[in-house]
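The following questions and answers introduce a structure to a reader who has not met it before. Please view the sequence and the model first.

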Amino acid sequence: FKRDKDKSATSKFVKDVISFSNTIRTETSYIIFGIQELDNGDLEINGITEKIDDAILQDKIKDKVIPRPKFSFYTIKHKEKQFGILEFPIEKYEMPIVPIVKDLKGLESGKAYYRNGTSNTEASTFDAIRINDWLKSLPQKQELNSFNDEISNYIRELTKGEQKLSIIISDLLSLSKKYNLDELKTFCLNEIQGIDSTNSEGSEYRIQKVFISWNKIDINPYSFIKPSVSLVIKEMENNKEFFESKIVMHHPIIEIESTLERFIGDPNSYGTMKSDTKSMLGMEKAHDLYIYTFPDNFNSLYRNIRQRAIDILMKI
């Protein structure tokens, strides 16, 4: 802009702002200052040294387009270098943004522009209709604020940890259906129904380290002297007939909460699940296997499910 006597820099900037704002998308879009594309297509990470004022950028656009687009400029530091970020949120405008001045090179007054791949493109009549339909389909600001408030409230409830996950996840399932949130819906259904044992893809947060053995052990529940969990684990670690393995815990959220309640009443108890060598290890013959779980497994699993719910909501 300092050497912009012919307004070519302003023209390019205005075209960028129009194009990014008009592009049909589902997320905020960005322009990053401080990265240069070389002739061979490689990117050179330079960073910026001069201070750029958001107010100057806003002033460059304010009387040149209609409706006035919303964007913001800020800086971030990455690997000891400063970068400028021009951020374009999704906004519901009454019409596609168009230039209203005639002295900007490369821009035609009243014409809409949008991003097509990595370039700014003049919108055809069909493109303009599509952009206009997209803008009309966006929720009103009030609806968007209400949605954001709902998400924030659920994150707050999950963080506090005072309410059962089964209740929150049931509510989140309704939210996912209301706003067509596919990832959240899949997560909620998996937690309510339990993870499909034949397809555990995406269930890494449910992996726990357990003990597995060919032998089934029982501790007399009527015994006056009951060994502690730490003692049982130590015995299993030293016994060659037991081995540690990581498995995906497939239990529905209700069953996990029920197990945790039993552990609270008896912290020195453990859980036993029966499986076989064919389904677990892929062996030809199905010999019985016994999986031993402890309170720490279910406490860790419950925390991981809570954190997974928070992570999904944070991405929305």
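Q: How many helices and strands does the chain have?
A: This is a predicted model, in which local features need pLDDT of at least 70, side-chain atom pairs count only at pLDDT 80 or more, and totals for chains, interfaces and linings use all residues. Residues are numbered from 1 along each chain as its sequence is written, and side-chain values use heavy atoms, leaving out hydrogens and water. Helices (H or I, at least four residues) and strands (E, at least two) are DSSP runs numbered from the N terminus. The chain has 10 helices and 13 strands.

Q: Is the chain spread out or compact, and what is its radius of gyration?
A: The C-alpha trace spans about 90 × 40 × 40 Å along its principal axes. The globule rule (2.2 Å times the number of residues to the power 0.38, with the radius taken over C-alpha atoms) gives 20 Å for 316 residues. The chain is more spread out than a compact globule, because its radius of gyration is well over that value, at 29 Å.

Q: Which peptide bond is cis?
A: Pro67 is placed in the loop between strand E4 (65-66) and strand E5 (72-78). The cis bond, with omega near -10°, runs from Ile66 to Pro67.

Q: Is Lys79 buried or exposed, and what is its relative accessible area?
A: Lys79 lies in the loop between E5 and strand E6 (81-88), and has a positive phi of about 50° although it is not a glycine. Buried means under 20% relative accessible area, exposed over 50%, and partly exposed in between (1.4 Å probe, protein chains only). Lys79 is exposed, at 70%.
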